[in-house]
Amino acid sequence: MQPEELFIGCHLSAAKGWEAMGKDALSIGATTFAFFTRNPRGGNAKALDEVDIAKLRTLLEAHHFGPLVAHAPYTMNLCSAKEETRDFARRALAEDLERMEYLPGNYYNFHPGSHVGQGSGVAIEQISEALNSCLFEGQHTCVLLETMAGKGTEVGKTFEEIASILDKVEYPELMGVCLDTCHVHDGGYEIVENLDEVLDTFDQIVGLEKLKALHLNDSKNPLGAHKDRHEQIGKGFIGLDTFRSVVTNSRINTLPMILETPHSELSGWREEIALLRSFLGDN
């Protein structure tokens, strides 16, 4: 059975405020979106405007949005070899989760990090320990580990590494996974020819019930390149037919889907959203 509508959107700028993001989403036909919780290349978070946030919440409810998928800054590395970097990451995580309580019921997605030579075993312990120190009882945000491409010393390049982190978290009900199509393709998972087999593998190792969101990105690289370079939908090595398979696959097409494809204008994402919605109408 297919859903009546896809929850699909893109990554939007928070520069103009909370309600403005919602209006931008509406202008491109989106019913979800992603945003950075703070400067993606730094550590600063803008002061919260509770009135503006309340306006966004009203807009989201009125237009039947799906869950939003907030994104942690790229500088948040919970498994860095440097203690000061890990300390910043834990502070940012804890603060972001407190701030997300103003938008309850949504998702907070982050890159597990890079172990920088320590090894994935040490990194998995550090990541899980940080999560256990920051998650709290009564939290209204589900935290998502993002699947990674395996560039450099990235953690989370395999479903086994993702599962190892989840297994060590003390609040499993507060955790999930965001699957990035470019990342898993670049990581060596054959979603082009065998999407359902990859989902079966994920289910066996992690559990499909833990899959909470998707990042829809084509890839500039061939399968298993471990490079992580996003391409516009249908213009890369993943190809249009795979994305048709994703949006029509009843196992995953009720999840919020976030485009992180390279465009300089909102019109580019508007066209991609319309294209992806059209696939559902074909079936």
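User: If contact means heavy atoms within 4.5 Å, with which residues is Leu131 in contact, leaving aside its neighbours within four places in sequence?

Analyst: In this predicted model, Leu131 is one of the residues that, together with Phe33 and Leu216, touch the most other members of the largest nonpolar core, a set of 76 residues. Helix H4, residues 120-134, gives the most to this core, with six residues. Once neighbours within four places in sequence are set aside, the contacts of Leu131 are Leu93, Phe110, Val143, Ile165, Val169 and Met175.

User: In what order do the eight strands of the open sheet stand?

Analyst: The pairing in this sheet is parallel, and its edge strands, each pairing on one side only, are S1 (8-10) and S2 (34-36). Between these edges, S7 (residues 211-216) is joined by four bridges to S6 (residues 175-180) and by three bridges to S10 (residues 257-259). Elsewhere in the sheet, four bridges join S4 (residues 107-110) to S5 (residues 142-146). The full order is S1-S10-S7-S6-S5-S4-S3-S2.

User: Which residue in S10 stands opposite Leu216?

Analyst: Strand S7 is mostly covered, with five of its six residues buried. On the side of S6, Leu211 in S7 stands opposite Val177. Toward S10, with which S7 runs parallel, the residue opposite Leu216 is Leu259.

User: At about what angle to S4 does helix H3 run?

Analyst: Helix H3, residues 83-100, lies across S2, S3 (69-71), S4 and S5. Within the sheet beneath this comparison, Phe110 has Leu145 in S5 as its bridge partner, and the twist from one strand to the next averages 30 degrees. Relative to S4, the helix H3 runs at about 160 degrees.

Key
Residues are numbered from 1 along each chain as its sequence is written. This is a predicted model: local features need pLDDT of at least 70, side-chain atom pairs count only at pLDDT 80 or more; totals for chains, interfaces and linings use all residues. Side-chain values use heavy atoms; hydrogens and water are left out. A nonpolar core is a set of buried Ala, Val, Leu, Ile, Met, Phe, Trp, Tyr and Cys residues joined through side-chain atoms within 4.5 Å. Buried means under 20% relative accessible area, exposed over 50%, partly exposed in between (1.4 Å probe, protein chains only). Helices (H or I, at least four residues) and strands (E, at least two) are DSSP runs, numbered from the N terminus. Contact means heavy atoms within 4.5 Å. Two strands pair if DSSP finds at least two bridges between them. Axes are lines fitted to C-alpha atoms, for helices over the stretch in contact, and angles run from 0 to 180 degrees between N-to-C directions.
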